[in-house]
Amino acid sequence: SRARLVTYKSKEYFETYAKAGMFITNSRLPEEIVRKHNQIFVQCWHGTPLKRLGHDVIDNSENSLNTSEEMKTKSDLDAVRYSYMISPSPFCTEKYKSAFNLEKNNPHVRIIEEGYPRNDFLYQYTAGDIAHVKERLGIPADDSRKIILYAPTEASVVPMLTFPEITALSRTVSCWLLTGAVPMPTFPDIVVSSSNSVFPLTSSM
């Protein structure tokens with residue numbers, strides 16, 4: 001492999017960015033990194049923006065380490081550096097334009113609406129991959145029930161469900177429910193685990 005690992009924010013880290021011909025990332029880069037005119041920055045981003053980002057955030061005082069204004073500033077500082085932005089759908093394209101205020105910050109950025117590289121596996125998995133996941137989770141290989149993942153990360157738009165609420169919604173379906181969540185002090189009753197928990201829920205519960 002030609003990949004070379006460097007320590008985050010080390011001297012070698014910044015030197016590598018300064019010498020690189022292209023940056024490819026799926027999150028914001030440190031503000032100290034400046035893209036030169038002969039460098040290309042490809043922003044792949046991550047996830048589907050069902051929650052508000054950047055300039056679309058209305059009130060983020062309770063659920064983040066940054067205020068709404070701080071989030072907008074960080075989005076602006078990142079967006080002005082983009083050469084290309086990868087989008088998986090027209091919906092995401094629309095949200096990225098507003099969240100990163102691209103019309104003002106970077107009207108010349110090219111948005112490539114071709115899908116996320118990180119999602120390729122979701123369309124190319126094999127029966128062996130499914131068997132491996134089931135084995136890791138302790139789900140019998142011959143169990144054909146649906147496996148549902150509920151792993152919220154943000155609640156400024158739609159409040160998170162508590163575990164009793166999730167259970168109630170699942171009682172009409174025979175399934176396996178995997179839960180996991182980012183801890184948030186304003187939602188102390190959400191199921192939080194350092195690793196996903198597996199609960200068999202059947203229609204007879």
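Helices (H or I, at least four residues) and strands (E, at least two) are DSSP runs, numbered from the N terminus. The model is a predicted one, in which local features need pLDDT of at least 70 and side-chain atom pairs count only at pLDDT 80 or more, while totals for chains, interfaces and linings use all residues. Residues are numbered from 1 along each chain as its sequence is written, and side-chain values use heavy atoms, with hydrogens and water left out.

**The whole chain**

Begin with a cartoon view of the protein, which holds 7 helices and 7 strands, and follow these elements from the N terminus on in the order α-β-β-α-β-α-α-β-α-α-β-α-β-β. If you then colour by relative accessible area, where buried means under 20%, exposed over 50% and partly exposed in between (1.4 Å probe, protein chains only), buried residues make up 32% of the 205 residues. A contact map, with contact taken as heavy atoms within 4.5 Å, shows that residues 24 or more positions apart account for 58% of the contacts with a separation of 6 or more.

**Lys9 and Asn101**

Select Lys9 next, in the segment before helix 1 (11-19); this residue has a positive phi of about 60° although it is not a glycine, and with a relative accessible area of 40% it is partly exposed. Then move to Asn101, in the loop between helix 3 (90-99) and helix 4 (102-105), where a positive phi of about 50° is again found in a residue that is not a glycine. Asn101 is counted as partly exposed because its relative accessibility is 23%.

**Asn105**

Stay with helix 4 and select Asn105, which lies in it and is buried, with a relative accessible area of 17%. Which residues are in contact with Asn105, leaving aside its neighbours within four places in sequence? They are His55, Asp76, Ala79, Val80 and Phe100.

Two of these partners deserve a distance label, for which a polar contact is a pair of N or O atoms within 3.5 Å; within protein, one must be able to donate a hydrogen and the other to accept it, and residues adjacent in sequence count only if both atoms are side-chain atoms. The side chain of Asn105 makes such a contact with the side chain of Asp76, at 2.7 Å, and the side chain of Asn105 also reaches the backbone oxygen of Phe100, at 2.8 Å. For a backbone reference, draw the C-alpha to C-alpha line from Asn105 to Ser75, which spans 9.5 Å for two residues 30 apart in sequence.

**Gln39**

Go next to the loop between strand 1 and strand 2 (40-43), where Gln39 is found. Is Gln39 buried or exposed? Gln39 counts as buried, because its relative accessibility is 3%. The side chain of Gln39 reaches the backbone oxygen of Tyr17 at 2.8 Å, and, leaving aside neighbours within four places in sequence, the residues in contact with Gln39 are Tyr17, Ala18, Lys19, Ala20, Gly21, Phe23, Val34 and Ser83.

**Thr25 and the cysteines**

Select Thr25 in strand 1 (residues 22-25), which counts as buried at 14% relative accessibility. Beyond its neighbours within four places in sequence, Thr25 is in contact with Phe41, Val42, Gln43, Cys44 and Trp45. The C-alpha atoms of Thr25 and Cys44 are separated by 5.9 Å, although the two residues are 19 apart along the chain.

Cys44 is itself buried, with a relative accessible area of 10%, and Cys92, which can be selected alongside, counts as buried at 1% relative accessibility. With a disulfide taken as a pair of cysteine sulfur atoms within 2.5 Å, the count comes to 0 disulfides.

**The second largest pocket**

For the last stop, select Phe121, Leu122, Tyr125, Asp129 and Val133, which lie nearest the centre of the second largest pocket, among the 12 residues that line it. The elements giving two or more residues to this lining are helix 5 (120-124), helix 6 (127-137) and strand 5 (146-150), and the largest share, 5 residues, comes from helix 6.

On a 1 Å grid over the protein atoms alone, a pocket is an open set of points where a 1.4 Å probe fits, with protein on both sides within 12 Å along at least five of seven lines, and lining residues have an atom within 4 Å of a point. About 560 Å³ of space lies in this second largest pocket, a volume being the space filled by probe spheres set on the points, which are joined across faces, edges and corners. Colouring the lining by residue class gives 9 nonpolar, 1 polar and 2 charged residues, where Ala, Val, Leu, Ile, Met, Phe, Trp, Tyr, Cys and Pro count as nonpolar, Asp, Glu, Lys and Arg as charged, and the others, Gly among them, as polar.
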